Amino acid sequence: MQEIERKFLINPSKIPVSLAQPIHIEQFYIQIDPEIRFRKVVIGYTECRHYYKTEKTKTNDPIVRGEKEEKITEDEYYDNYPRHIGNVIIKRRYMIQLKDKYWCSVDVYNDDLCIAEVEFK
């Protein structure tokens, strides 16, 4: 699959308090080029966890990247955890539906950094 995405830095005080349940995300990278990321996702305040491995590759078009995501087991996630490079990232994600078929994800890091991302597929 290919993806086109745009990210924007936003002011945390401008985020509506009434957003949907947060999606709690912990992620780490084991490689930068191509980008290989492992992610643990918990929706809301449940104990239900999902684990993913994502690989993103460059294409001939500078605004389009290839993306391959697969669901993995908890063991696969933690087997790769010691291989992470850089910091392990922890964030809360809120999904906001925009007009038509597009969604905006708002990621909040440490309550003071917020990034809004819109994907165009």
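**Group meeting talk: a barrel and its pocket**

I would like to begin with one residue, I90, which is exposed, with a relative accessible area of 57%. Before going further I should say that what you have in front of you is a predicted model, so please hear every value in that light, as computed from the model.

Where does I90 sit in the chain? The residue belongs to strand 6, which covers residues 85-97. If we set aside the neighbours within four places in sequence, I90 is in contact with I25, E26 and Y109. The C-alpha atoms of I90 and V108 are separated by 8.9 Å, although the two residues are 18 apart along the chain.

From that strand we can move to the sheet as a whole, where 8 strands close into a barrel. Going round the barrel, the order is 1-5-4-3-2-6-7-8, and the pairing is antiparallel. Neighbouring strands of this sheet are turned against each other by 35° on average, with direction ignored.

Let me take some of these pairings one by one, starting with strand 6 and strand 7, the latter being residues 103-109, which run antiparallel and are joined by 6 bridges. Within this pairing, M95 has S105 in strand 7 as its bridge partner.

Strand 3 and strand 4 also run antiparallel, with 8 bridges joining them, and here R39 stands opposite Y52 in strand 4. These two strands form a hairpin with 5 residues between them, and in the turn G44 has a positive phi of about 65°. As background to that value, most residues other than glycine have a negative phi, and most peptide bonds are trans.

Strand 4 then pairs with strand 5, again in the antiparallel sense, over 8 bridges, and the hairpin that joins this pair passes through 6 residues. One of the bridge partners to look for is G66 in strand 5, which pairs with T57.

While we are on the connections between strands, please find P34, in the loop between strand 2 and strand 3. The peptide bond that joins D33 and P34 is cis, with omega of about 0°.

I turn now to the empty space in the model. Rolling a probe the size of a water molecule over the atoms shows where empty space is left. The largest pocket has a volume of about 820 Å³. Which of its 34 lining residues are the closest to its centre? They are R39, R93, S105, E117 and E119, and two of these names have come up already, R39 as the residue opposite Y52 and S105 as the bridge partner of M95. The elements that give two or more residues to the lining are strands 1, 2, 3, 4, 5, 6, 7 and 8. By residue class, the lining divides into 15 nonpolar, 3 polar and 16 charged residues.

Finally, a residue in a loop: R83 lies between helix 1, residues 74-80, and strand 6. Is R83 buried, partly exposed or exposed? With a relative accessible area of 49%, R83 is partly exposed, because that class takes in values between 20% and 50%. Outside the neighbours within four places in sequence, R83 is in contact with Y29 and I30. The C-alpha atoms of R83 and F28 are 9.0 Å apart, and 55 residues lie along the chain from one to the other.

Notes: Residues numbered from 1 in each chain as written. Predicted model: local features only at pLDDT ≥ 70, side-chain atom pairs only at ≥ 80, totals over all residues. Heavy atoms only, no water. Helix = DSSP H or I, 4+ residues; strand = E, 2+ residues; numbered from the N terminus. Buried < 20%, exposed > 50% of the residue type's maximum accessible area, 1.4 Å probe, protein only. Contact = heavy atoms within 4.5 Å. Pairing = 2+ DSSP bridges. Axes fitted to C-alpha atoms, helices over the stretch in contact; angles between N-to-C directions. 1 Å grid on protein atoms, 1.4 Å probe; cavity = no way out; pocket = protein on both sides within 12 Å on 5 of 7 lines; lining within 4 Å. Points joined across faces, edges and corners; volume = space filled by probe spheres on them. Nonpolar A, V, L, I, M, F, W, Y, C, P; charged D, E, K, R; others polar.
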